[in-house]
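The following exercises are to be worked with the sequence and the three-dimensional model at hand. Each task is followed by a solution in steps.

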Amino acid sequence: DSPRTPLMVGNWKLNLDHLQAIDLVQKLAWTLKDAEHDYDLTEVVVAPTFTSLRSVQTLVDGDKLPIKYASQDVSSHASGAYTGEVSAEQLAKLGVSFAIIGHSERREYHNETDELVNAKILAALGQGITPILCVGEPLEVRQASEHVAYTLAQLDGALAGLSPEQVGGIVVAYEPVWAIGTGEVATPDDAQEMAQAIRARVAETVDADVAAGLRILYGGSVKADNVKEIMAGADVDGALVGGASLKVDQFAPIAGFR
Ligand code: PEP
């Protein structure tokens, strides 16, 4: 039995306004309640856009919902002349528990480097927000069979200079770029291979106990009908879900797949 509590995270990306966001959170909470979902056995997190976080906070607090929420990004800066940025402190004030950091879409469309990802992780940790660090290789790297080395290099870059205690406060999501939003899901063996490699690397470079407790998610076209096989990997502790997290009939069974 794993000592790690499974974690299911819905990444809504650039979808839903704040009214649609609270509607979806409400429906998700009702559905999981009907299913007698045990949040102590599987943590459930949604990641709306910044503009919906306040509304989601009001709903979650008001109705005492056990659902947690994440931001999809965070600034590496604390405050100042950084137009368009949102700080970890501002997010913490809104009750944000997790921040997705270094998603492949940010690396690709916003030129985020491992160095910036590292700075964002530190900013989040500094405000008590759990970073969900995304790593994973593009298709050509997979085809060249260099996916493990590539992904571990991203991991090393993101964790550079962090103390074991700090690494103990993060979650890692392995998201092969070729499997995101494509319907192309990595095999359970692919997911397990990388999750195991990530855990081994953290054991080697950081600390064995931290590695044993580290939650490692898989992301890439996870759906209600494939979550169980993906979760079968001994080192896979949850999923980061894009498209399927926008539909209650998909995400509720993912959250409660057991
Ligand atoms: C994601 O963007 O984190 C993701 C895994 O997307 P999808 O589930 O749509 O592939």
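Helix axes are lines fitted to C-alpha atoms over the stretch in contact, and the angle between two of them is taken between N-to-C directions on a scale from 0 to 180 degrees. The model examined here is predicted.

**Exercise 1.** Determine how α1 and helix α12 pack, and which residues form their contact.

*Solution.* Step 1: the axes of α1 and helix α12 (residues 248-255) are 10 Å apart, and the packing angle is about 50 degrees. Step 2: angles under 35 degrees count as roughly parallel and those from 65 to 115 as roughly perpendicular. α1 is therefore oblique to α12. Step 3: the crossing in which α1 passes α12 is right-handed. Step 4: on the α1 side the contact consists of L24, K27, L28, T31 and L32, which meet V248, F251, A252 and A255 of α12. Step 5: sorted by class, this contact of α1 with α12 comprises seven nonpolar residues, one polar and one charged.

**Exercise 2.** Describe the geometry and the composition of the contact between helix α5 and α7.

*Solution.* Step 1: helix α5 spans residues 114-126, and its axis is 7 Å from that of α7, at an angle of about 45 degrees. Step 2: this angle makes α5 oblique to α7. Step 3: α5 and α7 cross in a right-handed sense. Step 4: α5 contributes D114, E115, V117, N118 and I121, and α7 contributes Q154, G157 and A158. Step 5: the classes in the contact of α5 with α7 are three nonpolar, three polar and two charged residues.

**Exercise 3.** Which residues of α7 meet α9, and how do the two helices cross?

*Solution.* Step 1: helix α7 covers residues 147-159 and helix α9 residues 188-205; their axes come within 10 Å and cross at roughly 45 degrees. Step 2: α7 and α9 are therefore oblique to each other. Step 3: α7 passes α9 in a right-handed crossing. Step 4: V148, T151, L152, L155 and D156 of α7 face M194, A197, I198, R201 and T205 of α9 across the contact. Step 5: six of the residues in the contact of α7 with α9 are nonpolar, two are polar and two are charged.

**Exercise 4.** Locate the positions that UniProt annotates as "active site", and establish whether they are gathered or scattered.

*Solution.* Step 1: in the unreviewed UniProt entry, the annotation "active site" covers H103 and E175. Step 2: these positions span 73 residues in sequence, yet their C-alpha atoms are no more than 8.4 Å apart, so they gather at one spot. Step 3: H103 is placed in the loop between β4 (98-101) and α4 (104-109).

**Exercise 5.** Relate the annotated "binding site" to the surroundings of the ligand.

*Solution.* Step 1: the unreviewed UniProt entry assigns the annotation "binding site" to N11, W12, K13, G181, S221, G242 and G243. Step 2: these positions are spread over 233 residues of sequence but cluster in space, the largest C-alpha distance being 13.8 Å. Step 3: W12 lies in the loop between β1 (7-11) and α1 (18-34). Step 4: the ligand is surrounded by 13 residues, of which the closest are I180, G181, G219, G242 and G243. Step 5: G181, G242 and G243 thus appear both in the annotation and among the closest residues. Step 6: the shell around the ligand contains five nonpolar, seven polar and one charged residue.

Key: Residues numbered from 1 in each chain as written. Predicted model: local features only at pLDDT ≥ 70, side-chain atom pairs only at ≥ 80, totals over all residues. Helix = DSSP H or I, 4+ residues; strand = E, 2+ residues; numbered from the N terminus. Parallel < 35°, antiparallel > 145°, perpendicular 65-115°, else oblique. Left-handed = near helix turned anticlockwise from the far one by under 90°. Contact = placed C-beta atoms within 7 Å. Nonpolar A, V, L, I, M, F, W, Y, C, P; charged D, E, K, R; others polar. Near = placed C-beta within 6 Å. UniProt positions renumbered as here; feature names shortened; annotations may be inferred.
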